[in-house]
Amino acid sequence: MRKPAVTSIPIAPLMAERWSPRAYDASAVVTPDQVRALLEAARWAPSFGNTQPARYLVGVRGTSAFDAILATLNSGNQAWARRAGLLLIGVMVTSNAKGDVPYAEYGLGLASENLVLQAVELGLIAHQMAGFSPADVRSSFGLPDNAEPRVAIAVGSPGDPSVLEEDWRIEKEKADRARIPLEEFAFTGKWGTPAFDGR
């Protein structure tokens, strides 16, 4: 199911097509080459001073790593993410040999956006989640003190919304996408003065 962004002017199709569905095809596979492409895209994201703070824990469906990541998700996310072909945890490394890494969370965000846009390019879908237990991730995967889990990501192939089973989940999946209008998003001169008109 496609839900391209409705924009005031055309934007790159890769970005217009990106959204966060929950209906995954449980029979579809994310191939090793696709996993590698996702992580290469993330690896080449910009970062402050080339500090490269992003790291990923990778679990392909059918592996113990997938099961371990799934177990860290809250029950609402487990209900649908179990059908994904791939689960990841985005981790930020907060220090290195030179000391604290500035803007580590921002760097992980940039890397994760690269990853989900690469998913779109591959014909896959991706959904980023805050609903997981960082403490459980830390325990299950033996993270060092300077590694902070920040986001879980489900990747796979789109499925029919009916797989979500509950009516409210199905309706949410089908609902139109929305964003605040551009005139409330970008300002000029002073705060609140729209940089663009309302078209």
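# Salt bridges, spaces and backbone angles

User: How many salt bridges does the count come to?
Analyst: The count comes to 6 salt bridges, where a salt bridge is a side-chain nitrogen of Lys or Arg within 4 Å of a carboxyl oxygen of Asp or Glu. This is a predicted model, in which local features need pLDDT of at least 70 and side-chain atom pairs pLDDT 80 or more, while totals for chains, interfaces and linings use all residues. Residues are numbered from 1 along each chain as its sequence is written, and side-chain values use heavy atoms, with hydrogens and water left out.

User: Let's start near the beginning of the chain, then. Which residue does Arg2 form a salt bridge with?
Analyst: The partner of Arg2 is Glu17, and the closest N and O atoms of the two are 2.3 Å apart. Arg2 lies in the segment before helix 1 (13–16), whereas Glu17 lies in the loop between helix 1 and helix 2 (32–43), so this salt bridge ties together parts that are 15 residues apart in sequence. Helices here are DSSP runs of H or I with at least four residues, strands are E runs of at least two, and both are numbered from the N terminus.

User: And is Arg2 buried or exposed?
Analyst: Arg2 is exposed, with a relative accessible area of 59%, while its partner Glu17 is partly exposed at 24%. Buried means under 20% relative accessible area, exposed means over 50%, and partly exposed is in between, using a 1.4 Å probe and protein chains only.

User: Moving along, what does Glu165 pair with?
Analyst: Glu165 forms a salt bridge with Arg83, and the closest N and O atoms are 3.9 Å apart. This pair links distant parts of the chain, since Glu165 is in the loop between strand 6 (147–156) and helix 7, Arg83 is in the loop between helix 4 (75–81) and strand 2 (86–93), and the two are 82 residues apart.

User: Are those two buried or exposed?
Analyst: The two ends of the pair fall into separate classes: Glu165 is exposed, with a relative accessible area of 59%, and Arg83 counts as buried at 8% relative accessibility.

User: Where does Arg150 come in, and what is its salt-bridge partner?
Analyst: Arg150 pairs with Glu105, with the closest N and O atoms 3.1 Å apart. Here too the pair links distant parts of the chain, with Glu105 in helix 5 (residues 104–121) and Arg150 in strand 6, 45 residues apart. Glu105 counts as partly exposed at 48% relative accessibility, and Arg150 is also partly exposed, with a relative accessible area of 35%.

User: OK, new topic, empty space. How much space lies in the largest pocket?
Analyst: The largest pocket holds about 760 Å³ of space. It is lined by 23 residues, and the closest to its centre are Ala5, Val6, Thr7, Arg179 and Ile180. On a 1 Å grid over the protein atoms alone, a pocket is an open set of points with protein on both sides within 12 Å along at least five of seven lines, a cavity is a set where a 1.4 Å probe fits but cannot get out, and lining residues have an atom within 4 Å of a point. Points are joined across faces, edges and corners, and a volume is the space filled by probe spheres set on them.

User: Where does Ile180 lie?
Analyst: Ile180 is in the segment after helix 7 (167–174), and it is exposed, with a relative accessible area of 52%.

User: And how many cavities does the search find?
Analyst: Searching the whole structure gives 1 cavity of 30 Å³ or more, and the space in the largest cavity is about 40 Å³. Its lining is made up of Met1, Trp19, Pro21, Ala23, Ile125, Pro158, Gly159, Pro161 and Glu173.

User: What about the backbone, what is the phi of Tyr103?
Analyst: Most residues other than glycine have a negative phi, and most peptide bonds are trans. Tyr103 has a positive phi near 55° without being a glycine; it lies in the loop between strand 4 (99–100) and helix 5 and counts as exposed at 57% relative accessibility. Glu165, the salt-bridge partner of Arg83, also has a positive phi, of about 70°, although it is not a glycine.

User: Last one: how far apart are Leu124 and Val155?
Analyst: Their C-alpha atoms are separated by 6.8 Å, although the two residues are 31 residues apart along the chain. Leu124 sits in the loop between helix 5 and strand 5 (125–129) and is buried, with a relative accessible area of 6%. Pro194 and Leu182 are 12 residues apart in sequence and 7.9 Å apart in space, C-alpha to C-alpha. Pro194 is in the segment after helix 7 and counts as partly exposed at 37% relative accessibility.
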